[in-house]
Amino acid sequence: MSALALKLVEAPAKVEPVPVKTAAAATELPVTVERSEQTSTPPAREGQGEGGPRNEHFRDLAKVLIPPLFGMLLLIGIWALVAIKSGNIPGPDKTWDAALKLFADPFYRNGPNDQGIGWNVLSSLQRVGIGFGFAALVGIPMGFLLGRFAFMNRMFEPIISLLRPVSPLAWLPIGLLVFQKADPAATWTIFICSIWPMILNTAQGVQRVPQDYLNVARVLGLSEAKVITKILFPAVLPYMLTGIRLSIGTAWLVIVAAEMLTGGVGIGFWVWDEWNNLKVEHIVIAIFVIGMVGLALETMLLMIAKRFTYESR
Amino acid sequence: MKTNECEVSAQANASEARVKGASPAVANKPIVKIENVGQTFSTKSGKFTALRDINLDVSVGEVVTLIGHSGCGKSTLLNLIAGLSLPTSGLLLCDGREIAGPGPERSVVFQNHSLLPWMTCFENVMLGVERVFGRKEGVPKLKARVAAALDMVHMDHAMHKYPHEISGGMKQRVGIARAFAMEPKLLLMDEPFGALDALTRAALQDELNGVMAKTGATVVMVTHDVDEAVLLSDRIVMMTNGPAATIGEIVEVKLERPRDRLELAQDTRFADYRAAVFEFLYRKQLKRAA
C-alpha cells in the first residue's frame with residue numbers, strides 16, 4: 001500500500017503531459033495526502049485537547065488567586081501610605097529588609113533573653129500545646145458527663161456561665177500565686193481559656209447524638225464499651241473537633257498577651273522586647289508571623305474535622 | 001430483573017415446601033402474647049392515654065401488620081414489643097418471657113434505616129452479627145454471615161460503601177439485612193418503606209416477601225399503606241383512632257404464597273381484602289379534617 005502511494009506520488013512528475021493519467025493521479029493523490037494528514041493530525045489534536053483543559057485550569061486558578069492577591073496588594077498599599085504619612089511606622093520595604101535579616105537565622109541563642117524568632121514561636125506553641133492538652137484532658141470527659149447527665153449539666157451550668165466571660169488574663173495573677181513561676185502561669189491562662197469551648201461543645205455533641213443511633217444500640221444490645229467506641233465517640237467527634245478548633249484559636253490569641261505580662265521566651269514577650277528596643281519593623285513582622293501560625297493551626301484542624309465529618313442521611 | 005429474582009426465589013420456595021404457605025394453620029404456637037396492654041404518657045397537660053386494652057397473639061412464622069391513621073399508637077405498640085418502652089398496664093410476653101427491654105432476639109428495622117454513617121454497610125451489619133454470634137463463632141464465619149445477609153437483599157456489590165454513598169432504597173435494604181442477619185425470633189418493622197418512592201417501595205416489598213419466605217421469619221410491621229399490608233401479611237390488625245386507641249378489627253389474608261404483585265392485581269380476593277381495610281379506615285374510623 002505504501003509502495004503504491006509512493007508510486008502515485010512520483011507519477012505526476014513523470015507523466016505530466018498525459019492529461020488522462022494526471023487526472024487519475026489527481027484522484028488518487030488526495031488519498032495519500034489525507035493519509036499523511038491523518039497520521040499527523042492526532043498528535044496535533046491531542047495537543048489542542050490538552051491546551052483546552054489547561055487553559056480552563058489556569059482560569060480556575062486565576063479565579064482563586066487573583067482576588068486575594070488584590071486584597072494583599074490593597075493591604076500593602078494602605079500600609080505603605082500610612083508609613084509615609086506617619087513617619088515612625090516602618091513601610092513594607094523596610095520591614096521586608098528586616099525580615100530577610102531576621103529569617104536568615106531564626107534559631108540563634110544568645111542567652112535567655114535574646115533568642116531567634118523561631119525559638120520564640122516554638123516556645124509559645126509549646127505553652128499553648130501543654131495548656132491546651134490539659135484542657136482537653138479535663139474538658140472532654142467533663143463535656144461527656146455534662147452531656148450525658150442532666151443533673152451534672154444543671155449543676156455546672158451556672159458556674160460555667162459565670163466564669164466563661166472572664167478574660168483569661170484575669171486568672172494570670174492566680175496562676176502566678178499558685179505556681180510561683182511565670183511559665184506555668186502562662187500555661188495556666190491557656191488552660192482556662194481553652195477549657196470552656198471544649199466542655200460546651202463536647203456536651204452539646206453528646207446531647208445531640210441522634211436518638212435513632214441510641215435505639216440501634218439498645219435493640220442490638222451493645223455493651224456499654226461498644227456504645228461508647230462505636231456510637232457515642234464517632235457521633236460526638238465532629239463537635240469535639242469544633243471545640244478544639246475554637247479553643248486553639250482563643251489560646252493563640254491569649255498567649256501573646258499572657259507572654260507580654262510574664263516575660264521569658266515567646267512570641268508575645270518578643271513583641272514587647274522589640275517595642276522596648278524600638279524595633280517597630282520587628283513588631284510588624286511578629287504580627288504577620290502570629291497571623292500565619294494562627295492560620296496554619298486553624299487550617300490544620302479544619303482539615304482534620306473534614307476528615308471526620310460524616311454525611312448522614 | 002426484579003421479577004426474575006422473585007421467580008427464582010419463588011421456585012426455590014415451592015421446592016422447599018415452605019411452612020409459610022400454611023402458616024395460620026400449622027404454626028399455632030404464639031411467640032408474642034400481648035395481654036390487656038395500655039400505655040399512658042404523662043404530659044404537661046395531664047395524662048394522655050395512647051393505647052388501651054390491647055390483646056394480640058402472634059404465631060411463629062406469621063406476618064402481622066398494624067395499620068391505622070397517624071396518631072393511632074401503632075408505632076407505640078411496636079416500641080412496646082421491641083422493649084424500647086414499657087407498658088403502664090398489662091403484660092407483653094416474647095417466647096414465654098416478659099419483655100423488659102430491647103434485645104437482639106427482637107430486631108427492629110427503623111423507618112429511617114438508622115445506619116451508622118461512620119461505618120460501611122458491611123460494618124453496620126457486622127455490629128449486630130458480632131453481638132449475637134460473636135461468642136460462638138470465629139471471625140470468618142461471622143463475615144460469611146454478613147456477606148450472606150447483604151447478598152440476600154442484593155447489596156453485596158456495595159458492601160464496603162458508606163451509607164451516604166448509596167441511595168435511600170439501598171440503605172433500607174442494608175437495614176433489613178442487619179435485622180435479618182441477627183436471626184431474630186421476631187422481626188419488627190416500623191414503616192420500613194415509608195420514606196421511599198413508590199417504585200422503590202414496590203421493589204423492596206417484593207424483596208421482603210422473598211426474604212420472609214426464605215427465612216420463615218415472624219414479622220410485626222407497622223404500615224399506613226393498605227396495598228402493602230394486603231400484599232405482605234397473614235393478618236392485618238386495624239387500629240381505632242387515638243387517643244386511647246385499641247385494636248378495632250383483624251383481617252385474615254388467606255392469599256397463598258408466594259404472592260405475585262401482578263397476578264394479585266387481577267385477583268378479586270385481593271381487591272376484597274383491600275376494600276375491607278379501606279372500609280374500616282375510611283368509613284368507620286374516618287379522621288375528621290386533620
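**A hairpin in chain B and the A–B contact**

In chain B of this predicted model, β4(B) and β5(B) make a hairpin with 2 residues between them, and D95(B) in the turn has a positive phi of about 55 degrees. Strands here are DSSP runs of E with at least two residues, helices are runs of H or I with at least four, and both are numbered from the N terminus. The two strands, β4 (residues 89-94) and β5 (residues 97-98), run antiparallel over 2 bridges, with C94(B) opposite R97(B). Pairing needs at least two DSSP bridges between the strands. β4(B) also pairs with β1 (residues 30-43) of chain B, again antiparallel, over 5 bridges; there, E35(B) has L91(B) as its bridge partner.

As for the numbering, residues count from 1 along each chain as its sequence is written, while chains are lettered from A and ligands numbered from 1 in the order written. Local features need pLDDT of at least 70 and side-chain atom pairs pLDDT 80 or more, whereas totals for chains, interfaces and linings use all residues.

Turning to the contact between chains, 15 residues of chain A touch 17 of chain B, contact meaning C-beta atoms, placed from the backbone, within 7 Å. On the chain A side, α8 (211-220) and α9 (224-262) each supply at least two residues, and α8(A) gives the most, with 7. The predictor gives the complex an ipTM of 0.77 and a pTM of 0.70.

Chain B has a mean pLDDT (the predictor's confidence in each residue, from 0 to 100) of 84, with 89% of its residues at 70 or more. Over residues 1-26 of chain B, pLDDT stays under 50. Where pLDDT is low, the predicted coordinates should not be read in detail.

Notes:
Two residues are in contact if their C-beta atoms, placed from the backbone, lie within 7 Å.
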